[in-house]
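Dear colleague,

I am passing on the structure we spoke about, and I would be glad if you could look it over alongside the notes below.

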Amino acid sequence: LEIERKYLLSGMPRLPASGVSTLEIEQGWLPGTHLRERIRRAQTASGVRFYRTVKFGRGVSRVEIEEETSRGVFDVLWSLTEGRRIRKTRYQVEGELRWEIDRFADHDLVLAEVELPSEDTRIEFPDWLVPVMVREVTEEPDYVNFNLAG
């Protein structure tokens with residue numbers, strides 16, 4: 001079960017000097033109307049990893065099934081995602097909760113996500129995030145990655 005909240009930011013926050021890791025992400029969605037499978041290439045300083053993911057539901061709590069896959073499987077499936085792709089840089093900021101800041105390459109858009117242990121977890125916004133916080137967009141379809149793909 002994935003429990004997370006998503007926030008619209010006015011721009012990139014000034015991230016802390018430590019506890020931050022960076023991922024370059026390319027992801028695309030395979031054709032389908034009832035089942036939406038995503039494939040992802042995630043590159044870090046230590047290398048590239050590939051994933052297949054299916055999510056069910058919407059809002060704060062969703063079921064997420066994810067498995068790591070091979071470059072070969074990714075390469076075969078990637079061509080099927082034409083027209084349904086996004087690229088973004090993700091900054092993971094470790095703290096009491098892990099914040100993920102996504103800066104999209106194809107949109108003038110920065111989003112923050114925080115994964116929570118339960119739906120009623122009280123969120124303390126870090127000082128570095130507050131100046132760029134606009135509003136929560138967890139329930140807004142315009143900010144779902146699938147809907148941003150094009």
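What follows is a description of the overall fold, then of the pockets, the cavity and a surface patch.

Please keep in mind throughout that this is a predicted model. The protein chain holds two helices and nine strands, and, read from the N terminus, these elements follow the order β-β-β-β-β-α-β-β-β-β-α. Along the principal axes, the C-alpha atoms fill a box of roughly 45 × 35 × 30 Å. The radius of gyration of the protein chain is 15 Å, which agrees with the value near 15 Å that a compact globule of 150 residues would have.

The largest pocket has a volume of about 1100 Å³. Its lining counts 46 residues, of which Glu 2, Arg 38, Lys 55, Arg 62 and Glu 64 are the closest to the pocket centre. Two or more lining residues come from each of the strands E1 (2–9), E2 (20–29), E3 (37–44), E4 (47–56), E5 (61–69), E6 (85–93) and E8 (110–115), and likewise from helix H2 (145–148). Strand E4 gives the most to this lining, with six residues. Sorted by class, the lining of the largest pocket has 21 charged, 13 nonpolar and twelve polar residues, which you may wish to have at hand when you look at the residues around its centre.

The second largest pocket has a volume of about 180 Å³. Its lining is made up of Val 93, Glu 94, Gly 95, Glu 96, Leu 97, Trp 99, Arg 122, Ile 123, Glu 124, Pro 126 and Trp 128, and these residues divide into six nonpolar, four charged and one polar.

As for enclosed space, the count comes to one cavity of 30 Å³ or more, and the largest cavity has a volume of about 40 Å³. Glu 4, Arg 98, Glu 100, Glu 113, Val 114 and Glu 115 line the largest cavity, with strand E8 providing the largest share, three residues. By class, five residues of this lining are charged, one is nonpolar and none is polar.

Finally, on the surface, Leu 1, Leu 35, Phe 56, Val 63 and Ile 65 together make a nonpolar patch of about 500 Å². Of these residues, Ile 65 is found in strand E5, a strand that also gives two or more residues to the lining of the largest pocket.

With best regards

Conventions
Residues numbered from 1 in each chain as written. Predicted model: local features only at pLDDT ≥ 70, side-chain atom pairs only at ≥ 80, totals over all residues. Heavy atoms only, no water. 1 Å grid on protein atoms, 1.4 Å probe; cavity = no way out; pocket = protein on both sides within 12 Å on 5 of 7 lines; lining within 4 Å. Points joined across faces, edges and corners; volume = space filled by probe spheres on them. Helix = DSSP H or I, 4+ residues; strand = E, 2+ residues; numbered from the N terminus. Nonpolar A, V, L, I, M, F, W, Y, C, P; charged D, E, K, R; others polar. Patch = residues over 30% accessible without salt bridge, like charges linked within 9 Å, V, L, I, M, F, W, Y side chains within 5 Å. Areas by Shrake-Rupley, 256 points an atom, 1.4 Å probe, with all protein chains shown as cover. Salt bridge = Lys/Arg side-chain N within 4 Å of Asp/Glu carboxyl O. Rg over C-alpha atoms; globule rule 2.2 N^0.38 Å.
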